[in-house]
Amino acid sequence: MKTVIIPTLNEEANIGRLIPAIFDQLGEDEVSVVVVDDESVDRTCEVVERLGEEYNVKLLERKGKRGISSAVRYASRIAGNGHIAVMDADFSHHPKYLPALFKKIGIGYDIAVGSRYVTGGGVDGWPSYRLFLSLGATALAKVLFQFPIRDPMSGYAAFKSSQILIDGIADSESKFLIDVLASIDNLRIVEIPIVFRNRKLGSSKLSGVTLLGYLNQIMTRYLLRSNRRSWMNKISALELPVDPVQLASLPQTDITRQ
Ligand SMILES: Nc1nc2c(ncn2[C@@H]2O[C@H](COP(=O)(O)OP(=O)(O)OP(=O)(O)O)[C@@H](O)[C@H]2O)c(=O)[nH]1
Ligand SMILES: [Mg+2]
């Protein structure tokens with residue numbers, strides 16, 4: 001069974017159409033949807049509960065706005081053993097891409113990313129300052145971490161298991177894909193092109209504070225990773241005495257007399 005995780009905050013205008021569209025794409029016996037809501041003040045939860053009578057949909061309600069990544073991690077804990085996808089509720093991430101994302105996981109990838117910045121992908125309806133900010137943040141993340149993909153800031157992706165998300169996400173206001181890519185090594189990753197459409201209904205939750213939070217996340221992750229690497233180097237240096245002075249003081253075995 002596949003699971004689609006959707007964090008929500010005041011998405012009554014979108015969620016009632018998105019959930020049936022997901023089941024249309026994937027088939028009702030194939031998938032369950034988990035919505036994690038952070039105290040929406042509109043009718044988002046009512047709409048999801050009503051859809052739960054018809055579809056395999058679970059609603060998790062939390063107190064206060066605690067961020068998208070923390071919502072994804074929270075939902076991952078109750079998701080089953082199957083493959084997982086994460087997407088926004090506002091149709092910026094169209095459900096028509098879900099079959100292709102899950103297909104890539106089915107053939108052995110750990111992560112399949114819905115990518116705006118590979119050939120065939122794109123962004124539709126963003127003002128130029130949004131594209132500029134997104135490309136700037138993406139470039140910074142790529143330079144610092146040498147990520148092997150074009151769109152590490154994407155919020156639309158499928159994962160082989162919920163464990164990848166539980167292990168990889170720091171429970172904070174952050175971009176969950178960056179967290180996962182920065183903390184887990186040797187992942188097999190593929191990107192598929194998506195066209196990201198700016199939301200038509202409801203309002204954006206992206207603020208200056210959120211942007212500063214992302215920047216803070218990228219820098220913190222970078223420093224943590226550098227620290228971890230330098231400690232790893234120190235540990236392997238202790239295990240392998242390559243220093244010629246140390247080597248000379250080690251007891252020698254005289255092979256000819258054995
Ligand atoms: N549970 C939860 N969901 C959130 C939170 N913030 C945003 N969301 C949801 O996460 C998804 C992405 O948020 P958006 O407001 O679309 O943010 P964005 O996509 O970065 O910004 P826009 O492109 O302007 O829409 C949407 O489904 C939101 O409802 C939060 O703190 N908690
Ligand atoms: Mg959005």
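**Notebook: strands, core and ligand shell**

I started with Ile111, whose bridge partner in β8 is Ile189. The model is predicted, so I kept its limits in view: local features need pLDDT of at least 70, side-chain atom pairs count only at pLDDT 80 or more, and totals for chains, interfaces and linings use all residues. Residues are numbered from 1 along each chain as its sequence is written, while chains are lettered from A and ligands numbered from 1 in the order in which they are written.

**Sheet.** I looked up the pairing of strand β5 (residues 111-115) with β8, and found it parallel over five bridges. Two strands count as paired if DSSP finds at least two bridges between them. Both belong to an open sheet of seven strands with mixed pairing, in the order β3-β2-β1-β4-β7-β5-β8. The edge strands, pairing on one side only, are β3 (57-61) and β8 (189-193). I noted an average turn of 20° between neighbouring strands, direction ignored. In the whole protein chain I have nine helices and nine strands; these are DSSP runs numbered from the N terminus, helices being H or I with at least four residues and strands E with at least two.

**Helix on the sheet.** I found helix α2 (residues 44-52) lying across β1 (2-8), β2 (31-37) and β3, at about 150° to β3. Axes are lines fitted to C-alpha atoms, for helices over the stretch in contact, and angles run from 0 to 180 degrees between N-to-C directions.

**Core.** The largest nonpolar core (buried Ala, Val, Leu, Ile, Met, Phe, Trp, Tyr and Cys joined through C-beta atoms within 7 Å) has 54 residues. Helix α7 (residues 176-183) gives the most to it, six residues. Among the residues with the most contacts inside this core is Val4. Leaving out residues up to four places away in sequence, I listed Ile22, Val31, Val33, Ala85, Met87 and Leu98 as touching Val4; contact means C-beta atoms, placed from the backbone, within 7 Å.

**Burial.** Of the 258 residues in the protein chain, 36% are buried. The cut-offs are 20 or more other C-beta atoms within 10 Å for buried, 12 or fewer for exposed, and partly exposed in between, with C-beta atoms placed from the backbone. I checked Gly120, in the loop between β5 and β6 (122-124). Gly120 is exposed because 9 other C-beta atoms lie within 10 Å. Gly120 and Ile194 are 74 residues apart in sequence, yet 7.1 Å apart in space, C-alpha to C-alpha.

**Ligand 1.** I counted 20 residues around ligand 1, of which Pro7, Asp38, Ala89, Ser204 and Lys205 come nearest; the cut-off is a C-beta atom, placed from the backbone, within 6 Å.

Key:
Two residues are in contact if their C-beta atoms, placed from the backbone, lie within 7 Å.
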